[in-house]
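Trainee: I would like a close look at a single part of this model. Please take me through the place where the two chains meet, and then set it beside a few other spots.

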There are 2 protein chains.
Amino acid sequence: MHADLICFSELATCGYPPIDFLEFRDFIHKSMEVVYELAKESIDIGIAIGSPTINPNTEGKDLYNSAFFLYKGKVQHIAHKGLLPNYDIFDEYRYFEPSSDFKTFQFKNKRIAITICEDIWNLDNENPMYNFCPMDKMMVEQPDLMLNLSASPFSFEHTSDRLSIIRANAKKYGIPIFYVNCVGAQTDIIFDGGSVVASSDGSCYDELNYFEEEIKCYDLDKVCIGKPHFEQVKEKYDLIYRALILGIKDYFHKMNFTSAIIGLSGGIDSAVTAVLASDALGSNNVHVLLMPSEYSSTGSVADAIELANTLGIHHEIIPIQSIFETYLNTLKPYFKDLPANVTEENIQARIRGMLLMSFSNKFKYILLNTTNKSEMAVGYGTLYGDLCGGIAVLADVYKTEVYELANYINRQSVRIPINTILKPPSAELKAGQKDSDSLPDYAILDKVLYQYIEQHKGPNEIINQGADKNLVLKILKMVNSAEFKRFQSPPVLRVSYKSFGSGRRLPIEGNYLY
Amino acid sequence: MHADLICFSELATCGYPPIDFLEFRDFIHKSMEVVYELAKESIDIGIAIGSPTINPNTEGKDLYNSAFFLYKGKVQHIAHKGLLPNYDIFDEYRYFEPSSDFKTFQFKNKRIAITICEDIWNLDNENPMYNFCPMDKMMVEQPDLMLNLSASPFSFEHTSDRLSIIRANAKKYGIPIFYVNCVGAQTDIIFDGGSVVASSDGSCYDELNYFEEEIKCYDLDKVCIGKPHFEQVKEKYDLIYRALILGIKDYFHKMNFTSAIIGLSGGIDSAVTAVLASDALGSNNVHVLLMPSEYSSTGSVADAIELANTLGIHHEIIPIQSIFETYLNTLKPYFKDLPANVTEENIQARIRGMLLMSFSNKFKYILLNTTNKSEMAVGYGTLYGDLCGGIAVLADVYKTEVYELANYINRQSVRIPINTILKPPSAELKAGQKDSDSLPDYAILDKVLYQYIEQHKGPNEIINQGADKNLVLKILKMVNSAEFKRFQSPPVLRVSYKSFGSGRRLPIEGNYLY
């Protein structure tokens, strides 16, 4: 089958988001070279591809976020993005001039409208962030179809919104839409694909794979008539599981590494991380260290060994006692008889971080961080200790969600030991320690965190929903005062619509709510 | 003397930049409470103050960056910022709707125009980022003076630009300008003050202190006539020195800490950091650890002790050999006979980081990071080792500039040992190691880094200026591949116009120039 037209995603020549590489004129030229190379291949096929381009006008930002249509070896049409997202992880207004000029073009016997990602997200001017709708302007030229080139990142809440807005666009304008989304992870940002072909009546003609590249060919006449209807199943923990697998896989691929190292404590976070890593990289590429101290329970070590054996991953047991004692002896002349406190807990966590990093350096493994979102939120972790790592796998998954994810992983057979799931969480950094000694129950904690982090609710709004006043104030203060730790933490694989990282930017010294 | 009017700076009710706290409606209400409280004090004095406010329109961003004029207990006038910076460290378009409506107001027998910071930076429409000039619109109402409320951050190159643009505005519009800038550091961003009163003829009537709060009262009639002319001296290393002092001071103040700890190697970076810390916090609040290994030269230890004695700061000497050997013994069964490499170097750096953090935890000291900009650029530092710290004092100062700063510090008497300045730089992590073994000469390196980081030049542009091709490519690749380290590094006190941190955002995985 010979296709007439092939469509790539937004900024496909340079990857999304290129961030401040866009400020290098040389980088823009290199991106454009890709367009010109591709043009040479367009002799008998139309090619739509996204690239940053230089704004030739003296007024306005230096660049446009553009889409090229190539055919017969030449650039036939250029469309510039009109609606520039500048919220959460998006900073397009930092670089790009929004276009206000929208034209369709003729290709063979069809008139085509090209839109870029956000351009379709102000249907009926319902989005207060924008005051026009590019497609409204193009409809006067009566296009036969719309191509949308996207780089729309994954969050588990977002996949169905996306399908709805595409269908609503197709229905309103009465033309088919080919929505082509990027697939692959760029460090913390995971692009989930799930490209959509919508028929003129607003029905979903086809929805492509999530988290996997896929090339599919469609007969436009058939799409126009409508009918074949396929939607991907979207289940929260299945989506999160697959997103994290892709996130790990692409991080290693793009950083040019093959193997991971993980510190396995016997707890649920490191267990889930180990499963994800071995599913992403292959069990022979995952190495784990068990680093028990005098405070580690025998149960924890046994659970960790059981997991490693089930997964078929290599493990080593390196007790940290002798190093810990050498530190304590070295520090004794200065600490004298001061009581043990968080200092000594941190030393243990940091010895583990150091041993893991030593393996990382010596054997070219990447250390995966196992912190969850609840811990990351309240600062329940040691900077330069358990907060070490190349990428944080679970730091956008609340503790209560980590349990759900563990159950999802165990849905067909027990991969994560039941005891790991059932026992009360503990950092095991002092005798008899439990998370519940210093943190509220995770079911309560996570609800408050969600209100504050995802919903941007202030203390009174959260208290008015029935939460205990002192508890809410304590939790919010913990979140704010942990900002200095998050600032130096690894990038976080983003699976929700409000993840720690570039989508959430808070002052380290902000004394709001103190 | 009773003043008729007092003027505060931009967003003074909440501090600048509040970043994503602006997304909390509760935060906006709390900021507005400050305005209403202040209004009560405005019975017989006019008060101009900046605050975020809610945009009442359904279209557009949720907020305005506003200035209030309060008098007789009430809000008399509100001005919204029209030109919103969205580059480098600025993200105002993330939160604020730009205003297009500009009005003056009457106060006593004068007509006043209020502008906010960036509003005066598109004089004669010369700035391509903006397509109008707020003051042009207000001039039809013939104001008698302009108040500008600013939060303009320091960079050593920026102070004279600022004075020029204020004078050019005064001259063009023929009215006096009272330019009120914020003073104080917000973690990495240092606001340098240097408020300006310009006369109607464009001359500088007065320029206030840099890096210090100052309240001064002016007679408007005299300012209109012009004459008294005072400009602050602006010398690069004096500015940088004072900026860093303020940066350290405010970081400790706002984080509610009083004492610092620093690892003193005998090298120039830690020596300059120790001087800055003791000048900022007082020598009794600075504690230093000397942590020699078998690779430390006796000269280094002697230089460090000499510095500590000169500054009158407390020092402890803690050799790291026994901890290092315990690590090596612990790792021996796994590393076997693999040759020593960067792994063992990193272990030493991390032991030092861990000891410093132990003192930090036990005694509530903040660890100051001593990395310079050249090292930070090329990744010549150990993550979780010498890259530890609450704030990086010198990471926006190139190595060649650190030497200049040391000479500035020594200008009246030798505070930093001459030997520290003269000896070749070395990390002393293996026998006979020198920085020049793995890095080009700093004079060459810093020039290339400046072209790439500050000037956004691509490799060919840098090579065309006469630099060695292979060297340039090697350096740029080092910069790009160190992004993962910078991501997890402490906030960097910003003194140049392109500092590592929120003003420079690059992908960790970007393979541009690989």
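Mentor: What follows goes from the contact between the chains to a helix, a loop residue and a surface patch.

Keep in mind that this is a predicted model. Start with the counts. On the side of chain A, 93 residues are in contact with chain B, and 93 residues of chain B take part in turn. Between them the two chains bury an area of about 8000 Å². Carbon and sulfur atoms give 61% of that area. Within chain A, the residues that lose the most area to chain B are A:Phe24, A:Lys362 and A:Glu509, which together make up 10% of what that side buries.

Next come the polar links. There are 34 residue pairs in polar contact between chain A and chain B, and the count of salt bridges between the two chains is 6. A salt bridge joins A:Glu23 to B:Lys498, and their closest N and O atoms are 4.0 Å apart.

Which elements of chain A supply at least two residues each to the side that touches chain B? Among them are the helices α1 (25-40), α5 (236-255), α8 (321-335) and α9 (342-363), and the strands β9 (183-186) and β15 (314-317). Helix α9(A) gives the most, with 14 residues.

Helix α5 of chain A comes up again when we turn to helix α11 of chain A, since α5 is one of the elements that the buried residues of α11(A) pack against. The others are α6 (268-281), α10 (373-378), α12 (418-422) and α14 (442-453) of chain A. Helix α11 covers residues 399-409 and is mostly covered, with 8 of its 11 residues buried. Among the buried ones are A:Val402, A:Tyr403, A:Leu405 and A:Ala406, and also the charged-type names A:Lys399 and A:Glu401.

For a single loop residue, take A:Gly82, which lies between β4 and β5 (105-107) of chain A. A:Gly82 counts as buried because its relative accessibility is 5%, and the cut-off for buried is under 20%. Beyond its neighbours within four places in sequence, A:Gly82 is in contact with A:Pro98, A:Ser99, A:Phe102, A:Asp119 and A:Phe132. From A:Gly82 to A:Tyr442 it is 43 Å in space, C-alpha to C-alpha, and 360 residues in sequence.

Last, strand β4 (residues 74-80) of chain A holds A:Ile78. At 40% relative accessibility, A:Ile78 counts as partly exposed. Together with A:Tyr36 and A:Val75, A:Ile78 makes a nonpolar surface patch of about 270 Å².

Definitions and conventions: Residues numbered from 1 in each chain as written. Chains lettered and ligands numbered in written order. Predicted model: local features only at pLDDT ≥ 70, side-chain atom pairs only at ≥ 80, totals over all residues. Heavy atoms only, no water. Patch = residues over 30% accessible without salt bridge, like charges linked within 9 Å, V, L, I, M, F, W, Y side chains within 5 Å. Areas by Shrake-Rupley, 256 points an atom, 1.4 Å probe, with all protein chains shown as cover. Salt bridge = Lys/Arg side-chain N within 4 Å of Asp/Glu carboxyl O. Helix = DSSP H or I, 4+ residues; strand = E, 2+ residues; numbered from the N terminus. Buried < 20%, exposed > 50% of the residue type's maximum accessible area, 1.4 Å probe, protein only. Contact = heavy atoms within 4.5 Å. Buried area = accessible area lost by both parts, 1.4 Å probe. Polar contact = N/O pair within 3.5 Å; in protein donor to acceptor, adjacent residues only side chain to side chain.
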